[in-house]
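Colleague: I am new to this structure. Could you take me through parts of it, one question at a time?

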Amino acid sequence: MKTCLIVDDSRVIRMVARKILEDLGFDVTEAENGQIALDMCQKSLPDGILLDWVMPVMDGMEFLKRLRALPNGSATKVVFCTTETDVGRIREAIANGADEYIMKPFDSEIVQSKFMQVGLI
Amino acid sequence: MRIENFELLSTLLKQRSGLVLTKDKAYLLETRLMPVARKYNLANLDQICDAVRTRQDSAMIADITDVMMSCGTHFFRDKKPFDLFSTKVLPRLRAARADTKKIRLWCAACSSGQEPYSLAMLIKEAQETLGGWQIEILATDLSEGILAKAKAGIYSQFEVQRGLPIRMLIKYFRQNGDKWHMDSGIRSMVDFKPFNLLEHPRALGQFDVILCRNVLTYFDQPTKAKTLSHMSDVLAKDGILYLGLSETVRGVSEEFKPVPDMRGLYQHADADL
């Protein structure tokens, strides 16, 4: 079973995303900010990460940069999932190693489509 | 709704579009036709049927057909058939048409345009190997309303996130508020025209690839067979027919057979691609 880490400071978003990803067959873990997610990734890298951008303590972009610097940190597929919809922000995310990008609000079809794009489904 | 009215509407739809509406799908009439009723200041479906009988209003009948035929689509639907287009179909055509450098593609029920634009983007991505080639994409649909949306090439945030890789979104679309506008260069690669699949397509010319995905499923067996026979007539001898992944020619047409190891792709029964 493939693993996916949801990183989002909203409990409601994590709950909705967990339901979608579990229905898609993923073993899901959660983190409420980038620092907690980074600690988890240092112990064990998931196959995929659904990543919010704006979060307290450590935001999604800072987390992504640090994840990619970890040994084998480039192997994990990262799908940003954020209210940041400006093209400039999307380009910035891709330049820093994001594999795909979801603009909130999202639904199960969009999540499935994006995880298919990055080869996790 | 009165039973005679269900029969009136199902006959109308079958005659105009080939759509077979069984009684278990009668709920679709309620959900889809009420906006049409409101548009024409009618209170319910029975009044729509009375109006169809008495007025023979062609605009209203066209609206009824449009809303009943409309179905959801998205960019690169099912992904794999489009991967095959880039990796197998297009390279094969490039070799087979090296003398004429001309390829014709037909999206036979293009709905709001995502399918032909997906092809256009793939062709654009392959342009380095297609310099000097003339590639025509014809996209047809019964509904002129949906064709107008397709031609405009303007999509919601939800629509551009279904199937479209993010790198293609930022490369081929321009953001305007919460709408995304298809690049004019891609739009100009597609020629949109109204066409009813119940008619013979000979006037459209011959094609190297025909996409008729997730359409036949709405037709009865004789209409499916007739449509496939028409497509056989206008598909090049070494051409490829794309059907939906849940559709098949088995038991419907002997004019096509599956392309081995390429799900959803069909060739002429006497071809050997």
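Colleague: Which residue takes a positive phi just after α3(B)?

Modeller: This is a predicted model. Helix α3 of chain B covers residues 45–55. Just past α3(B), the phi angle is positive, at about 50 degrees. The residue there is Gln56(B).

Colleague: What caps the N-terminal end of α3(B)?

Modeller: Look at the backbone nitrogen of Asp46(B). A side-chain oxygen lies 3.1 Å from that nitrogen. The oxygen belongs to the capping residue, Asn44(B).

Colleague: Which helices do the buried residues of α3(B) pack against?

Modeller: Start with the buried residues, among them Leu45(B), Ile48(B), Cys49(B) and Val52(B). In an α-helix, residues three or four places apart point the same way, because there are 3.6 residues a turn. The buried residues of α3(B) pack against three partners in chain B: α1 (3–17), α2 (26–39) and α4 (58–69).

Colleague: How much area do domain 1 and domain 2 of chain B bury between them?

Modeller: The domain assignment gives domain 1 as 3–69 and domain 2 as 80–268. Their centres, taken over C-alpha atoms, are 29 Å apart. Contact involves 10 residues of domain 1 and 10 residues of domain 2. Carbon and sulfur atoms hold 59% of the buried area, which is about 720 Å².

Colleague: Is strand β8 of chain B mostly covered or mostly uncovered?

Modeller: β8(B) spans residues 235–243. Buried here means under 20% relative accessible area. By that cut-off, 7 of its 9 residues are buried, so the strand is mostly covered.

Colleague: Which residue in β8(B) stands opposite Val209(B)?

Modeller: Strand β7 (residues 207–212) of chain B runs parallel to β8(B), with 5 bridges between them. Helix α11 (residues 221–234) joins these two strands in a right-handed β-α-β unit. Opposite Val209(B) in β8(B) stands Ile240(B).

Colleague: And in β10(B), what is the bridge partner of Leu241(B)?

Modeller: Strand β10 of chain B covers residues 265–268. β8(B) and β10(B) run antiparallel, joined by 2 bridges. The partner of Leu241(B) is Tyr266(B).

Colleague: Turning to chain A, which side chain makes a polar contact with that of Glu84(A)?

Modeller: Glu84(A) sits in the loop between β4 (77–82) and α4 (87–95) of chain A. Glu84(A) touches Trp53(A), Val54(A), Arg89(A), Tyr101(A) and Met103(A), leaving out residues up to four places away in sequence. The polar contact is 3.0 Å long, and the side chain at its other end is that of Arg89(A).

Terms used: Residues are numbered from 1 along each chain as its sequence is written. Chains are lettered from A and ligands numbered from 1 in the order in which they are written. This is a predicted model: local features need pLDDT of at least 70, side-chain atom pairs count only at pLDDT 80 or more; totals for chains, interfaces and linings use all residues. Side-chain values use heavy atoms; hydrogens and water are left out. Helices (H or I, at least four residues) and strands (E, at least two) are DSSP runs, numbered from the N terminus. A polar contact is a pair of N or O atoms within 3.5 Å; within protein, one must be able to donate a hydrogen and the other to accept it, and residues adjacent in sequence count only if both atoms are side-chain atoms. Contact means heavy atoms within 4.5 Å. Buried means under 20% relative accessible area, exposed over 50%, partly exposed in between (1.4 Å probe, protein chains only). Two strands pair if DSSP finds at least two bridges between them. A crossover is right-handed if, with the strands pointing away from the viewer, the path from the first strand over the helix to the second runs clockwise. Domain bounds come from an automatic or database domain assignment. Buried area is the accessible area (1.4 Å probe) that two parts lose on being put together, summed over both.
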